[in-house]
Amino acid sequence: MPQPRQAAPARRKRPAQPRPIPPLFAGQEPQPVHLRAATIAAHSVYPSLRHGWGELIYAFSGVIEITVADRHFLAPPHHGVWIPPGVEHVGAARHESAFGALCLDAARSARMPAEPCTLALGALPRTLLATLQQRGIDVPATDADGRLFDVLLDELAQSRPQESYLPLSADPALRQVLDALQQDPACDKPLAQWASEVHTTERTLARRCQRDLGMSFGAWCQRLRVLRALDALQGPRSVQAIALDLGYGSASAFIAMFRRHLGASPEAFRQRARAPLPPAQ
């Protein structure tokens with residue numbers, strides 16, 4: 001009697017290797033105010049850069065990641081990462097992402113934060129950035145262009161700086177909780193249960209959240225889920241499936257949370273993210 005054939009061992013899928021790409025201004029100095037845009041493939045990485053101008057990196061779709069020394073910044077839509085002049089940094093994207101780079105000379109950069117940070121972009125600066133990009137205006141060529149850039153810079157100078165969109169903590173107990181949640185964003189354990197597991201009190205953990213994260217535990221969990229949702233929306237899974245993956249009992253609860261954070265439904269965001277950008281100037 002023939003013996004059953006043993007199934008061949010499954011091949012382990014190799015992790016995608018980063019794709020190095022050239023910087024936006026390779027071999028040239030941008031204008032005093034210069035707006036550029038690009039779409040980069042998944043798993044792309046810019047080489048380590050240090051230049052004489054400041055740079056606001058912001059995403060139209062996807063999530064841009066910027067590393068400065070041992071600090072890691074994330075720029076989902078509605079947020080930007082500000083890099084002052086002379087600061088060495090590396091940019092990357094895990095998924096295909098469309099982003100813009102607003103470059104400012106040293107004089108204009110002086111109005112911005114002195115340290116790298118995440119900036120929460122309000123409705124007006126987001127609209128101005130989109131308008132300039134849609135019109136193909138990379139530098140102010142007319143008085144009208146100049147006024148648009150002036151208003152944009154005024155608004156950016158007043159934007160609220162944050163340590164990071166998804167800050168972390170060096171506190172051993174809190175870091176243990178945050179690491180576990182990043183492994184399983186759908187986990188809905190209350191803070192009191194987490195406190196018991198890391199041998200502290202709920203009140204102590206809540207204080208450390210405000211001290212180290214600048215927000216409540218619940219707000220941090222929602223931000224984590226927003227980031228995971230943005231990743232998932234790059235793929236084909238339905239909104240209902242993504243909601244369940246992230247621990248929501250219904251798609252409507254997930255949609256309401258997503259709309260509060262990003263001002264659009266997940267499906268509207270997905271469609272907008274897939275729309276091609278005008279070519280960079």
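**Entry 1. Ground rules and model**

I count a contact wherever heavy atoms lie within 4.5 Å. The model in front of me is predicted, and I began with its confidence values. The protein chain averages a pLDDT of 84, and 86% of the residues score at least 70. I then looked at the elements: strand β1 (residues 19-20) has the lowest mean pLDDT, 50, and helix α5 (residues 191-197) has the highest, 96. Over residues 1-16 the pLDDT stays under 50, and I found that the model has one contact beyond four places in sequence for this stretch. Where pLDDT is low, the predicted coordinates should not be read in detail.

**Entry 2. The chain as a whole**

I recorded 10 helices and 11 strands in the protein chain. Of its 281 residues, 45% count as buried. I also checked contacts between residues at least 6 apart in sequence; 73% of these join residues at least 24 apart.

**Entry 3. Helix α4**

I turned to helix α4 (residues 172-183), which has 12 residues. From its first C-alpha to its last it reaches 17 Å, close to the 16 Å expected at 1.5 Å a residue. Which residues of α4 are buried? I noted Ala173, Leu174, Val177, Leu178 and Leu181. They cover an arc of only 130° around the axis, so they lie on the same side of α4. An α-helix has 3.6 residues a turn, so residues three or four places apart point the same way. The buried residues of α4 pack against α5, α6 (202-213) and α7 (217-232). On the face turned away from the buried side I found the exposed residues Pro172 and Gln183.

**Entry 4. Helix α2**

I repeated the inspection on helix α2 (residues 123-134). Its 12 residues should span 16 Å at 1.5 Å a residue, and its end C-alpha atoms are 16 Å apart, which agrees. I listed its buried residues as Pro125, Leu128, Leu129, Leu132 and Gln133. Seen down the axis, these buried residues fall within an arc of 130°, so they line one face of α2. What covers them? The cover includes β2 (33-40), β4 (54-61) and α3 (143-157). The face of α2 turned away from the buried side carries the exposed residues Ala123 and Gln134. After α2 comes glycine 136, for which I read a positive phi, near 70°.

**Entry 5. Serine 159**

I located serine 159 in the loop between α3 and β11 (160-162). Is serine 159 buried or exposed? Its relative accessible area is 11%, and the limit for buried is under 20%, so serine 159 counts as buried. Not counting residues up to four places away in sequence, serine 159 touches Leu119, Ala120 and Leu121.

**Entry 6. Aromatic pairs**

How many aromatic pairs does a search of the whole structure find? I recorded four. One of them joins tyrosine 58 and phenylalanine 60; this pair is edge-to-face, with 5.3 Å centre to centre and 70° between the planes. Tyrosine 58 is buried, with a relative accessible area of 3%, whereas phenylalanine 60 is partly exposed at 22%.

Another pair is formed by phenylalanine 254 and phenylalanine 258, and I noted it as tilted: 6.0 Å centre to centre, 55° between the planes. The angle is not over 60 degrees, the cut-off for edge-to-face. Phenylalanine 254 and phenylalanine 258 both lie in helix α9 (residues 251-262), four residues apart, about one turn of the helix. Both are buried. I further recorded that Tyr248, Phe254, Phe258 and Phe269 form one aromatic cluster.

**Entry 7. Charges over rings**

I looked for charged ends over aromatic rings. The charged end of arginine 225 sits over the ring of tyrosine 248, 5.3 Å from its centre. The charged end of lysine 189 sits over the ring of tryptophan 194, 4.4 Å from its centre.

**Entry 8. Methionine 257**

I closed with methionine 257, which is found in helix α9. At 1% relative accessibility, methionine 257 counts as buried. Which residues does methionine 257 contact, leaving aside its neighbours within four places in sequence? I listed Gln222, Arg225, Val226 and Tyr248. Methionine 257 and arginine 225 are 32 residues apart along the chain, and I noted 9.3 Å between their C-alpha atoms. Two of these contacts appear in earlier notes: arginine 225 has its charged end over the ring of tyrosine 248, and Tyr248 is part of the aromatic cluster with Phe254, Phe258 and Phe269.

Methods: Residues numbered from 1 in each chain as written. Predicted model: local features only at pLDDT ≥ 70, side-chain atom pairs only at ≥ 80, totals over all residues. Heavy atoms only, no water. Phe/Tyr/Trp six-rings, centres within 6.5 Å; stacked < 30°, edge-to-face > 60°. Buried < 20%, exposed > 50% of the residue type's maximum accessible area, 1.4 Å probe, protein only. Helix = DSSP H or I, 4+ residues; strand = E, 2+ residues; numbered from the N terminus. Lys NZ or Arg CZ within 6 Å of the ring centre and 35° of its normal. Expected span 1.5 Å × (residues − 1). Arc of directions from axis to C-beta. pLDDT = per-residue confidence, 0-100.
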